[in-house]
Number of protein chains: 2
Amino acid sequence: MLVLCLGLSGIAAAQEPVDLDMVSRIRQEAFHRSQVMDIFSHLTESIGPRLTNSPQMGQANAWTRGKFNDWGLANVHDEAFDDFGRGWEFSSASVEMLSPRTLPLHALPKAWTPGTDGPVEGEVMAVSIKKLADLEQYKGKLAGKILLLNEARPYKRGVEADSHRHDEAGLAELQAFAVPRDADKDRARRIKQYTERQELARATNEFFVAEGALATLGISGWDNGIIRVTGGGSRKAGEPVGVPELAMAAEHYNQLVRAVERKQAVKLRVNVKARFTDEADQPGYNTLAEIPGSGSKAGEIVMLGAHMDSWHAGTGAADNAAGVAVMMEAMRILKAVGAKPRRTIRVALWSGEEQGLIGSQAYVATHFAAHPEPADPRQKALPASLRESTGALQKKRDYDRFSAYFNMDNGSGRFRGIHAQENLAAMPIFQAWLEPFHDVGATTVATRNTGSTDHVSFDRVGLPGFQFIQDRLDYSSNVHHSDLDTWDHAEPEDLKQAAAIVASFVYHAAMREEKLPRKPLLEG
Amino acid sequence: MLVLCLGLSGIAAAQEPVDLDMVSRIRQEAFHRSQVMDIFSHLTESIGPRLTNSPQMGQANAWTRGKFNDWGLANVHDEAFDDFGRGWEFSSASVEMLSPRTLPLHALPKAWTPGTDGPVEGEVMAVSIKKLADLEQYKGKLAGKILLLNEARPYKRGVEADSHRHDEAGLAELQAFAVPRDADKDRARRIKQYTERQELARATNEFFVAEGALATLGISGWDNGIIRVTGGGSRKAGEPVGVPELAMAAEHYNQLVRAVERKQAVKLRVNVKARFTDEADQPGYNTLAEIPGSGSKAGEIVMLGAHMDSWHAGTGAADNAAGVAVMMEAMRILKAVGAKPRRTIRVALWSGEEQGLIGSQAYVATHFAAHPEPADPRQKALPASLRESTGALQKKRDYDRFSAYFNMDNGSGRFRGIHAQENLAAMPIFQAWLEPFHDVGATTVATRNTGSTDHVSFDRVGLPGFQFIQDRLDYSSNVHHSDLDTWDHAEPEDLKQAAAIVASFVYHAAMREEKLPRKPLLEG
């Protein structure tokens, strides 16, 4: 693999032009006059977490527009996408054990679940609900109770370091491409599972309210006191939101389960200040801005972006103020160095990513391409990946004017290269563009796909969308979707490095003679 | 080193008798009918943390006496030591940021600091107090303020695994003994430092109260949201306890410091429910029990023990319900297997360890030996290690009847051997006693000293006091003195193994012809 890669690199160096004077200017601005930490700090600490449609997300849209305008970017605006749902925010949450002894317990609410409207006190009861039929046995038994939804989970010892950076061997491994297995053809089974899960969640929410349960507790996804928590209830107006629901530190949650198993009567006081900030569903908003191109290619588009929305337990730092700060800083750098791109460079700060790439998918559908919406409401209720084919892709005006999209959403760690998403024709180009950044650790172009964030919205419709290879630091051990997703876990030097590389990549994409090559679109 | 060690082991095997029938019975009872986790669970989860002189420590004294009586041990009693101070307990603590935005902050109170008597609200102010003269500048400026006592601390990446077990190479390294440097002769400087620190703490506590500060916040000793916190204020009646003082998760604390540095006005609400449980100083209590010896050596004593007191943030699990459970289980095993020891086997569950080995030191002074108390009150105010020599050791009746003391207080990890505390004559004996436990990982006898817990109270007066070599697991990364010192971080199999080894060691110490050899007493 390495030989092949070096071969591609050799070809690239010979053929793909790199403007080293511009790269120098970009590096100078990025490394010596950086503002990336100012942006990152404002988003994480002055604004804080940015749950989609929360007031803080609105502040972030406004503040980033302000920065874009200050820097002289064009077409700065928020673009709505339909019907995301309601906003939600919380200000405090406390759980105290009152008996058999006093003990403060560490827990945070799931997003889109109600507050307690003042402190409530009740006895703990363990329930096991895996299917609709499991609800029946609890009829008439839940009034005034605080429910434990999960079993205890044994502590998992930390036998690897929390923080990880790729070494040479690790980067070499990334060059291996795993030939995919046959896709799961059993769509019917997956649809059934998905639908049943949705129905069970809805029915359970209604049941707990009807039965008068006070609150529910689940176990945090990680150990060591870290609270890893996403959403519950429902963001959609009119849907049942259930009772207050919290995720509790594993060490505390397990203790409650063991006490119940010992038949001890455990009484808790729960106080969650949380509220839905809207009565009705609201659109979500992406923030966009441009450096317009000039000349014959000005109508063509190079995009860069990152999602600005976050979960609510930390301050959305590695996920994804890091990506937003890097993409904004890349735009600032390009303005600061006086870049005059041929193609238009457009930055997008997405919303609704955490709920399924909603903002970016809507944007791509509006501006570039989409599959027809299904007519069947049951199909419409499914996520895009489970729907039956609705016919050929419907392309919009700018589909053919689009060159490439570059995304960042794998934490705050240093760029070590880029995933080519099986677009082999793009690889020698990326190799050439990376060469001036080998000295800061970015060396690797891998054929691999990487998923699960906004570049997929582009990739799905056959447009070149890419994400960089990053050192993961403690993203998957401490930070991802947890209360530790905060300022301190980021590395300023890594964010500076990433901003320089993004600025250079989008500049070169905007200047090269041809748009980025596309891979064949896989679809029926 | 390894050759030397194997040599000693060879000699030992030839000379030191090991009762393998008894070892088999001990192993059967320890491994197949263990109660160690029941004991550990009751201490950590039914009783909870056991700060010295807190009501929970009193419950632990009573419950362990009950167990000892149930098992048919003799002379079960609590033995008081003078004038420890007051008890203290807390039931809840919350800190919320009210502006510039709302944010729940994670913090726990220092022991022996007052509660807030309901929620208090105030603006945050950073102070820097390193010496008495630093107080002056804050005169008239602290009223209604919540003070940040520390600077921000950069995040320290976890580049090693949280959990550690010794491998063969690590055990071999323990065989190396570091010849000690000359002791620090500059006692005067150390006394001055100690005295100044004490004076500063007292003056600062008084100053904050007089100036009307609402509360103080410090940074937790560890990152990753772990709250590592010990004591503040004062446990002594009549001494200034200061204002409410909390240790805050580093990620939250640093955020406050940065906001203050940005000149943002930060307002917090603090609510700590904590109280001193006594008006006047109270004695502390160790719990003791015996299996009486019989025959001519019945007046001689073999001891085992562990401190039962803990800090308050977790449930005192690895530090040191683990040690207590293992020592209690060892006594239960010896009764269960029908051991009839020649020497009396006495177990001690110490208190006041966390405040300076106070319980064990008082016990040793009463029963075995002590240096004369200094007449000078300034000398008396110093910890034992800083005092001038007060003359020759004064030995009590049982000094010459004492054989050995075995302690456990290095977390809940598996025994891998024992520290011989430079008592070379004890090493072949320990090698022989360890041989039947090589198959469960306990192989190593090291000449090394280990310190900082109750065996030191014996060692200091020339009595053989030992601690085992343990796998440290996540003791020094997550657990020690933190809110994660809880049930889940212990390994049941490791505690069973430790109990078997302790039972066998004390049994053989009680049965052998001679008492354990002593090393020469180092003193002037």
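How many salt bridges does the rule find across the interface of chain A and chain B? I began my notebook with this question, and the search returned 12. I note at the outset that the model is predicted.

**Entry 1. The interface**

I looked up the extent of the contact and found 48 residues from chain A and 48 residues from chain B. Between them the two chains bury about 4000 Å², with 44% of it on carbon and sulfur atoms. On the side of chain A, the residues that lose the most area to chain B are Glu45(A), Arg157(A) and Asp488(A), which together make up 18% of what that side buries.

I then turned to polar contacts and recorded 32 residue pairs between chain A and chain B. Several elements of chain A each supply at least two residues of the side that touches chain B: helix H3 (36-47), strand E2 (88-99), strand E3 (103-105), helix H7 (250-261) and strand E9 (267-276). H7(A) gives the most, with five residues. By class, I list 14 nonpolar, 19 polar and 15 charged residues on this side of chain A.

One salt bridge I looked up joins the side chains of Arg258(A) and Asp488(B), at 3.1 Å from N to O.

**Entry 2. Asp474(B)**

Is Asp474(B) buried or exposed? I found a relative accessible area of 2%, so I entered the residue as buried. Asp474(B) sits in the loop between strand E18 (465-470) and helix H13 (475-479) of chain B.

I recorded two polar contacts of its side chain. One reaches the side chain of Arg157(A) at 3.5 Å, and another reaches the side chain of His489(B) at 2.7 Å. Leaving aside neighbours within four places in sequence, I list the contacts of Asp474(B) as Tyr155(A), Arg157(A) and Asn224(A) from chain A, with Asp162(B), Ser163(B), Val479(B) and His489(B) from chain B. Arg157(A) had already appeared in my first entry, among the residues of chain A that lose the most area to chain B.

**Entry 3. Salt bridges elsewhere**

I searched the whole structure and obtained 70 salt bridges over all chains. Side chains of opposite charge can pair when their charged atoms come close. I followed three pairs and a network.

- Arg25(A) pairs with Asp21(A), with the closest N and O atoms 3.1 Å apart. Both lie in helix H2 (residues 20-32) of chain A, four residues apart, which is about one turn of the helix. Arg25(A) is partly exposed, at 35% relative accessible area.
- Asp398(A) pairs with Arg397(A), with 3.0 Å between the closest N and O atoms. I noted Asp398(A) as buried at 6% relative accessibility, whereas Arg397(A) is exposed at 63%.
- Lys267(B) and Glu121(B) meet through their side chains at 3.7 Å, N to O. Lys267(B) belongs to strand E9 (residues 267-276) and Glu121(B) to strand E5 (residues 120-126) of chain B, so this pair ties together parts that are 146 residues apart in sequence. Lys267(B) is partly exposed at 35% relative accessible area, and Glu121(B) is partly exposed at 38%.
- A network of salt bridges links Glu96(A), Glu121(A), Lys267(A) and Arg269(A) with Lys273(B).

**Entry 4. Helix H9 of chain A**

Which residues of helix H9 (residues 358-367) of chain A are buried? I listed Gly359(A), Ser360(A), Tyr363(A), Val364(A) and His367(A). They lie on the same side of H9(A), because they cover an arc of only 125° around the axis. An α-helix has 3.6 residues a turn, so residues three or four places apart point the same way.

I also looked up what these buried residues pack against in chain A: strands E1 (74-85), E10 (282-291), E11 (301-307), E12 (344-350) and E13 (369-370), together with helix H12 (455-459).

**Entry 5. Backbone geometry**

Most residues other than glycine have a negative phi, and most peptide bonds are trans. I therefore noted the following exceptions to that pattern.

Leu357(A) has a positive phi, near 55°. This residue is found in the loop between E12 and H9 of chain A, and is buried at 8% relative accessible area. Trp112(B) has a positive phi of about 60°. Trp112(B) lies in the loop between strand E4 (107-109) and E5 of chain B, and is buried at 3%.

I recorded a cis peptide bond between Asp319(A) and Asn320(A), with omega about 15°; Asn320(A) is in helix H8 (residues 317-336) of chain A. The bond from Ser99(B) to Pro100(B) is cis too, with omega near 10°. Pro100(B) has its place in the loop between strand E2 (88-99) and strand E3 (103-105) of chain B.

Methods: Residues are numbered from 1 along each chain as its sequence is written. Chains are lettered from A and ligands numbered from 1 in the order in which they are written. This is a predicted model: local features need pLDDT of at least 70, side-chain atom pairs count only at pLDDT 80 or more; totals for chains, interfaces and linings use all residues. Side-chain values use heavy atoms; hydrogens and water are left out. Buried means under 20% relative accessible area, exposed over 50%, partly exposed in between (1.4 Å probe, protein chains only). The arc is that of the directions from the helix axis to the C-beta atoms. Contact means heavy atoms within 4.5 Å. Buried area is the accessible area (1.4 Å probe) that two parts lose on being put together, summed over both. A salt bridge is a side-chain nitrogen of Lys or Arg within 4 Å of a carboxyl oxygen of Asp or Glu. A polar contact is a pair of N or O atoms within 3.5 Å; within protein, one must be able to donate a hydrogen and the other to accept it, and residues adjacent in sequence count only if both atoms are side-chain atoms. Ala, Val, Leu, Ile, Met, Phe, Trp, Tyr, Cys and Pro count as nonpolar, Asp, Glu, Lys and Arg as charged, and the others, Gly among them, as polar.
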